[in-house]
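Got your viewer open and a selection tool ready? Let's take a short walk through this model, one stop at a time.

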Amino acid sequence: MRNEKVTFKPNILKFSLSVFFLLHFLLCFGQIQSRLYPLYFTQYAQNFTLYNPAFLQKNSIHSGYQYYPSIGNDIRTVYLHGHYSIKKKENDFSTPSQWIGGIITNDKEGNFLSNSKIHGLFTQRIPLTKKWNLNAGLSLGVFNFLIKNNQAIGGSSYWVFDGNIGLSLYQKENKTIIGFSLNHIFQNTFEAFFSEIQLVRTC
């Protein structure tokens with residue numbers, strides 16, 4: 001078997017950065033987030049893979065709990081996610097690798113409202129130069145909005161198809177990471193509180 005040495009062109013990184021930020025501008029600019037409920041509290045959970053499936057570098061499992069007190073309804077967030085490289089040479093920076101994994105989150109507001117997400121994820125690592133690589137990630141699954149039975153309104157549960165996409169640029173030496181993601185890419189809707197609620201695409 002003949003081994004061929006991969007040669008990186010100097011303009012690849014410049015081109016990738018240009019495309020990277022152009023996509024971010026086109027996809028995020030002008031997004032109107034007028035009716036987004038439930039709020040995406042898991043973005044504050046100090047675990048970026050929860051909403052950017054490209055934000056990972058090695059095999060790991062993470063879980064956590066966050067609590068946000070408020071005058072009205074307190075917010076409680078629970079999350080669990082893990083991913084595993086399906087390439088044997090996980091630490092070989094010059095070799096393209098793929099990861100598979102899963103994400104589970106639950107945000108509970110007060111005693112009656114909660115939303116949950118169950119996603120499977122896939123991430124592809126693409127070497128750009130000897131020092132830089134690009135991760136492209138996709139997570140797909142379901143989103144559930146739950147209203148528990150109470151005196152004001154009857155209990156209901158709503159399920160919609162959901163997904164996130166993301167990119168991240170990683171520099172090996174100083175571990176610099178630049179990334180962006182789109183959440184709720186399908187912008188699906190469901191009926192609750194006698195009105196239509198949309199999972200608005202967010203960046």
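**The whole chain**

Begin with everything selected and the surface switched on: the accessible surface of the protein chain comes to about 12000 Å², and carbon and sulfur atoms own 60% of that area. Keep in mind as you look around that this is a predicted model.

Now switch to cartoon. You should find 1 helix and 9 strands in the protein chain, and following the sequence gives the pattern α-β-β-β-β-β-β-β-β-β. Of the chain's 203 residues, 41% count as buried. If you draw contacts between residues with a separation of 6 or more, 55% of them link residues 24 or more positions apart.

**Colour by confidence**

Next, colour by pLDDT. The mean for the protein chain is 76, and 70% of its residues reach 70 or more. Two stretches deserve a selection of their own. Over residues 4-10 pLDDT stays under 50, and the model has 4 contacts beyond four places in sequence for them. Residues 30-39 also stay under 50, here with 27 contacts beyond four places in sequence. Where pLDDT is low, the predicted coordinates should not be read in detail.

**A nonpolar patch on the surface**

Bring the surface back and select Ile 61, Leu 80, Ile 104, Ile 118, Leu 138, Leu 140, Val 142, Trp 159, Phe 161, Ile 165 and Phe 186. Together they form a nonpolar patch with about 1000 Å² of accessible area. Which strands each supply at least two residues of the patch? They are β5 (132-147) and β6 (156-171).

Zoom in on Phe 186, one of the patch residues. Phe 186 sits in the loop that runs between β7 (176-183) and β8 (189-192). Its relative accessibility is 37%, so Phe 186 counts as partly exposed, the range for that class being from 20% to 50%.

**Inside, at His 119**

For the last stop, hide the surface and select His 119, in strand β4 (residues 113-127). Is His 119 buried or exposed? His 119 is buried, because its relative accessible area is 3%, and buried means under 20%.

Show the side chains here and look for Asp 162: a polar contact of 3.3 Å joins its side chain to that of His 119. Then expand the selection to the residues in contact with His 119, leaving aside its neighbours within four places in sequence. Gly 101, Gly 102 and Ile 103 are among them, as are Ser 139, Leu 140, Gly 141 and Val 142. Asp 162, Gly 163 and Asn 164 are also in contact with His 119. Leu 140 and Val 142 may look familiar, being members of the nonpolar patch too.

How values were computed. Residues numbered from 1 in each chain as written. Predicted model: local features only at pLDDT ≥ 70, side-chain atom pairs only at ≥ 80, totals over all residues. Heavy atoms only, no water. Patch = residues over 30% accessible without salt bridge, like charges linked within 9 Å, V, L, I, M, F, W, Y side chains within 5 Å. Areas by Shrake-Rupley, 256 points an atom, 1.4 Å probe, with all protein chains shown as cover. Salt bridge = Lys/Arg side-chain N within 4 Å of Asp/Glu carboxyl O. Helix = DSSP H or I, 4+ residues; strand = E, 2+ residues; numbered from the N terminus. Buried < 20%, exposed > 50% of the residue type's maximum accessible area, 1.4 Å probe, protein only. Contact = heavy atoms within 4.5 Å. Polar contact = N/O pair within 3.5 Å; in protein donor to acceptor, adjacent residues only side chain to side chain. pLDDT = per-residue confidence, 0-100.
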